[in-house]
Amino acid sequence: MFGAAFTGLLLLIGLFFGARAQKSHVADMERREAELADIILTNFKTLPASHQPPVLVTGSVVIAFDYFRQFVAKIIMFFGGRITMYETMLDRARREATLRLLEQAKAAGAREVHNVRYEFSRVGSAAQHGPGGGAEMLAYGTAVL
């Protein structure tokens, strides 16, 4: 009985604080995206002519899989279907990695970033499909000064 109550309490705490943190993070990302909207991002492999040498810029973020999302995802995996909570979380990670890339490009004086690519990897105990862990999203590209 105590174990079920403790599990329920952890789920409620994860739901409350996770939703609160996500809402705050999305608002912060929207503000930063508006500030950096003047920098052009492309996936073109060819760089425009420039008098300055191009610069590699990166942005990386590691996100944790919270207890609530893991619990619900396991239920969905049992029955099948889309795990939209993970989709939302990975979208936030992609946006955050892109913002960090743009901030690095802006600090270097760049107005454009070309050949933008994304890499994803699981880290921590999630790499062994166990509880806990998280994921890293890496964005990288070539900044033109």
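The following exchange examines how several descriptions of this predicted model are justified.

Colleague: How many aromatic pairs does a search of the whole structure find?

Modeller: The search of the whole structure finds two aromatic pairs.

Colleague: Why is the pair of F16 and F17 called edge-to-face?

Modeller: A pair of aromatic rings is described by the distance of the centres and the angle of the planes. The centres of the F16 and F17 rings are 5.0 Å apart, and the limit for a pair is 6.5 Å. Their planes stand at 80 degrees, and planes over 60 degrees apart count as edge-to-face. The pair is therefore edge-to-face.

Colleague: What makes the pair of F78 and F79 edge-to-face?

Modeller: For F78 and F79 the ring centres are 4.9 Å apart and the planes are at 90 degrees, so this pair is edge-to-face as well.

Colleague: Are F78 and F79 buried or exposed, and why does F16 count as partly exposed?

Modeller: Both F78 and F79 are exposed. The relative accessibility of F16 is 48%, and partly exposed covers the range between 20% and 50%; F16 therefore counts as partly exposed. F17, at 48% relative accessibility, is likewise partly exposed.

Colleague: Where is L47 placed, and why does L47 count as partly exposed?

Modeller: L47 lies in the loop between strand 1 (40-41) and strand 2 (55-64). Its relative accessibility is 34%, so L47 counts as partly exposed.

Colleague: Which residues is L47 in contact with, leaving aside its neighbours within four places in sequence?

Modeller: With those neighbours left aside, L47 touches P54, H114, T142 and V144. In addition, the C-alpha atoms of L47 and N115 are separated by 8.3 Å, although these residues are 68 apart along the chain.

Colleague: Why is strand 4 described as largely enclosed by the rest of the structure?

Modeller: Strand 4 (residues 134-144) has eleven residues, and eight of them are buried, so the rest of the structure largely encloses this strand.

Colleague: Which bridges pair strand 4 with strand 2 and with strand 3?

Modeller: Strand 2 and strand 4 are antiparallel and pair over ten bridges; one of the bridge partners is G134 in strand 4, opposite A64. Strand 3 (residues 112-123) also pairs with strand 4 in the antiparallel sense over ten bridges, and E119 has L138 of strand 4 as its bridge partner.

Colleague: At what angle do helix 1 and helix 3 pack?

Modeller: Helix 1 (residues 2-35) and helix 3 (residues 84-107) pack at about 35 degrees, with axes 10 Å apart. The crossing is left-handed. By class, their contact has three nonpolar, three polar and ten charged residues.

Terms used:
Residues numbered from 1 in each chain as written. Predicted model: local features only at pLDDT ≥ 70, side-chain atom pairs only at ≥ 80, totals over all residues. Heavy atoms only, no water. Phe/Tyr/Trp six-rings, centres within 6.5 Å; stacked < 30°, edge-to-face > 60°. Buried < 20%, exposed > 50% of the residue type's maximum accessible area, 1.4 Å probe, protein only. Helix = DSSP H or I, 4+ residues; strand = E, 2+ residues; numbered from the N terminus. Contact = heavy atoms within 4.5 Å. Axes fitted to C-alpha atoms, helices over the stretch in contact; angles between N-to-C directions. Left-handed = near helix turned anticlockwise from the far one by under 90°. Nonpolar A, V, L, I, M, F, W, Y, C, P; charged D, E, K, R; others polar. Pairing = 2+ DSSP bridges.
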